[in-house]
Amino acid sequence: MTKHINNQGQRTDPRTNEDLFHTALTNTDEDTAWEAISVLHLQGGRDAFERARTLCASGDAHEQRVGANILGQVGMPADAFREEAVVALLEMLAHAQEPAALNTIAIALGHRRDPRAIEPLLRLKNYPDERVRFGVVFGLMCHEDERAIQTLIELSADPTTDVRDWATFGLGSQIDSDSPAIRAALLARLVDEDATTSGEAMVGLARRDDQRVVEPLLANLEAGWWGSLLLEAAIAIGDPRLYPALVRLREEHKDEQDGWPFSMLEEAIEKCRPSSPA
């Protein structure tokens, strides 16, 4: 699952809503089914919302999940049907028991970003199934609420990599809140065994201008690691101590200048370039 929160694109698809629902419900290829759902999000309108709400009341678990997936973003990016969708999803959450359903509903609520979802999601933070805990993380991201933040702090130390990664992303990049507790959680993830989680922690600390990120970031750059998260952190912190390592990376990869993330490397070099002496 890529780290984007809302689908902001626009498209025109010649298929009818009926065709799209049929594909979403019956196609066994997950990517194809999700492509149909994405079209419904953007152009399905009231008809898609009503059809999805009917699916949410179905006795079939698969139909319920498809319905929730559609309710989460139908009417985006204008956030149409928000109130009705949140009410329906909260009702589902109150009665769902199957982990896959709880995961889907929590993620759908995360797309709607409604504070009414916080309290019921908190009650699921220690759920034994990792899919549900992941849903809790996604559902709570972007909320500048102390309860949500504390839960993300707790789940940033979860035994499951995806849960830790997304909780760290939520703390580091999806909120502007800053506190010793948030920074401590991000610092703890700098040594995470998962490189993406560690990178998210670096970005979060750099966004808060926490100088403790500079040495581990420099160590990674000097070792030749220069993925987009490390470069994003370098851009955010803009520390001249990183400049020699960044320039060295540019020289070592000069034959890859047309490739991504080389443009980020150039930006990081400029951000970290030492000021000329007065």
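**Exercise 1. State how many disulfides the structure holds, and place Cys56 and Cys272 by burial.**

Solution. The structure holds zero disulfides, a disulfide being a pair of cysteine sulfur atoms within 2.5 Å. In general, a disulfide is a covalent bond between the sulfur atoms of two cysteines. Next, take the burial classes: buried means under 20% relative accessible area, exposed over 50%, partly exposed in between (1.4 Å probe, protein chains only). Cys56 has a relative accessible area of 11%, so Cys56 is buried. Cys272 has 0%, so Cys272 is buried.

This is a predicted model, in which local features need pLDDT of at least 70 and side-chain atom pairs count only at pLDDT 80 or more, while totals for chains, interfaces and linings use all residues. Residues are numbered from 1 along each chain as its sequence is written, and side-chain values use heavy atoms, with hydrogens and water left out.

**Exercise 2. Describe the chain as a whole and say where the model calls for caution.**

Solution. Step 1: the chain has 16 helices and zero strands. Helices (H or I, at least four residues) and strands (E, at least two) are DSSP runs, numbered from the N terminus. Step 2: of the 278 residues, 51% count as buried. Step 3: the average pLDDT is 94, and 94% of the residues score at least 70; pLDDT is the predictor's confidence in each residue, from 0 to 100. Over residues 6-10 the pLDDT is below 50, and this stretch has 13 contacts in the model beyond near neighbours in sequence. Contact means heavy atoms within 4.5 Å. Where pLDDT is low, the predicted coordinates should not be read in detail.

**Exercise 3. Find how helices α12 and α14 are arranged and which residues join them.**

Solution. Step 1: the axes of α12 (residues 195-207) and α14 (residues 228-237) come within 8 Å and cross at roughly 10 degrees. Axes are lines fitted to C-alpha atoms, for helices over the stretch in contact, and angles run from 0 to 180 degrees between N-to-C directions. Step 2: angles under 35 degrees count as roughly parallel, over 145 as roughly antiparallel, 65 to 115 as roughly perpendicular and the rest as oblique. Therefore α12 and α14 are roughly parallel to each other. Step 3: residues of α12 including Thr196, Gly199 and Val203 meet residues of α14, among them Leu229, Leu230 and Ala233.

**Exercise 4. Work out how covered α14 is, then look at Leu229.**

Solution. Step 1: seven of the ten residues of α14 are buried, and the helix is mostly covered. Step 2: the buried residues of α14 pack against α12, α13 (214-222), α15 (243-252) and α16 (262-272). Step 3: Leu229, which lies in α14, has a relative accessible area of 18% and is therefore buried. Leaving out residues up to four places away in sequence, Leu229 touches Thr196, Gly199, Glu200 and Val203. Step 4: after α14 comes Gly238, with a positive phi near 55 degrees.

**Exercise 5. Pick out the unusual backbone values at Pro77, Asp79 and Cys142.**

Solution. Most residues other than glycine have a negative phi, and most peptide bonds are trans. Step 1: the bond from Met76 to Pro77 is cis, with omega near 5 degrees, and Pro77 lies in the loop between α4 (61-73) and α5 (82-95). Step 2: Asp79 has a positive phi, near 60 degrees. Asp79 is partly exposed, because its relative accessibility is 24%. Step 3: Cys142 has a positive phi near 80 degrees and lies in the loop between α8 (130-140) and α9 (146-155). At 18% relative accessibility, Cys142 counts as buried.
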